[in-house]
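Me: I would like to learn how to read a protein model step by step. Could you take me through one, giving the general idea before the particular case?

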Amino acid sequence: MATKRLHTVQVTITKSIADGSVTASCQAIATLPEVDNTRFGVNLPLEGDGVTSLIDSAVGALKVKMAEGGHTVEDAQASED
C-alpha cells in the first residue's frame, strides 16, 4: 500500500450573520513519496456542533474587539430581495 504524507491542513468556516447559515471545510496538501513526491489536495466538508460552537465563539470575540472604543456593533439583517 502506498504512503500518503500529510503536510498542511487549513480549516475554513464561514457564517452569514444575516441568515445564520454556516459552511465549513477542511483542505489539506499531501504528497506521495513513492511517486516522486507528487503533491495532491484533499477537501473534506465539515459540520456539526463543534463547527457551530467554534464560529459562534469567534463571532462573539470579534464583536467584543469591534466594540472597543465605545462602538456599537450590529448584526446584518437578511435582505428582502
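Me: To begin with the helix, what do the buried residues of helix 1 pack against?

Reply: This is a predicted model, in which local features need pLDDT of at least 70 and side-chain atom pairs count only at pLDDT 80 or more, while totals for chains, interfaces and linings use all residues. Residues are numbered from 1 along each chain as its sequence is written, and side-chain values use heavy atoms, with hydrogens and water left out. Some terms come first: helices (H or I, at least four residues) and strands (E, at least two) are DSSP runs numbered from the N terminus, and buried means under 20% relative accessible area, exposed over 50%, and partly exposed in between, with a 1.4 Å probe and protein chains only. With those in hand, the buried residues of helix 1 pack against strand 1, strand 2 and strand 3, where contact means heavy atoms within 4.5 Å.

Me: Which residues of helix 1 are buried, and which are exposed on the other side?

Reply: The general idea is that an α-helix has 3.6 residues a turn, so residues three or four places apart point the same way. Here, Val51, Ile55 and Val59 are the buried ones in helix 1. They cover an arc of only 65 degrees around the axis, which puts them on the same side of helix 1; the arc is that of the directions from the helix axis to the C-beta atoms. On the other side of helix 1, Asp49, Gly50, Leu54 and Val64 are exposed.

Me: How does helix 1 lie with respect to the strands?

Reply: Helix 1, residues 49-66, lies across strand 1, strand 2 and strand 3, and runs at about 65 degrees to strand 1. Such angles run from 0 to 180 degrees between N-to-C directions, and the axes are lines fitted to C-alpha atoms, for helices over the stretch in contact.

Me: How are the three strands ordered in the sheet?

Reply: To read a sheet, look for pairs: two strands pair if DSSP finds at least two bridges between them. In this model an open sheet of three strands has the order 1-2-3, with antiparallel pairing. Strand 1 and strand 3 stand at the edges, each with a single partner strand, so one side of each is left without a neighbour in the sheet. Direction ignored, neighbouring strands of this sheet are turned by 15 degrees against each other on average.

Me: How many bridges join strand 1 to strand 2, and how many join strand 2 to strand 3?

Reply: Ten bridges join strand 1 (residues 5-15) to strand 2, and nine join strand 2 (residues 22-32) to strand 3 (residues 38-46). Along the pairing of strand 1 with strand 2, Thr8 stands opposite Ile29, and Thr14 stands opposite Thr23.

Me: Where in the hairpins is a positive phi found?

Reply: Strand 1 and strand 2 form a hairpin with six residues between them, and Gly20 in its turn has a positive phi of about 80 degrees. The hairpin of strand 2 and strand 3 has five residues between the strands, and there Asp36 takes a positive phi near 55 degrees.

Me: Is Thr31 buried or exposed, and what does its side chain meet?

Reply: Thr31 has its place in strand 2 and, at 6% relative accessibility, counts as buried. A polar contact is a pair of N or O atoms within 3.5 Å; within protein, one must be able to donate a hydrogen and the other to accept it, and residues adjacent in sequence count only if both atoms are side-chain atoms. The side chain of Thr31 makes one with the side chain of His7, at 2.8 Å. Leaving aside neighbours within four places in sequence, Thr31 is in contact with residues including Thr3, Lys4, Asn37 and Phe40.

Me: What can be said about Ser25 in strand 2?

Reply: Ser25 is buried, with a relative accessible area of 16%, and stands opposite Pro45 in strand 3. The side chain of Ser25 makes a polar contact with the side chain of Gln27, at 2.3 Å.

Me: Which residues does Thr3, in the segment before strand 1, touch?

Reply: Not counting residues up to four places away in sequence, Thr3 touches Thr31, Leu32, Pro33 and Glu34. Thr3 is partly exposed, with a relative accessible area of 37%, and the C-alpha atoms of Thr3 and Leu32, 29 residues apart along the chain, are separated by 6.2 Å.
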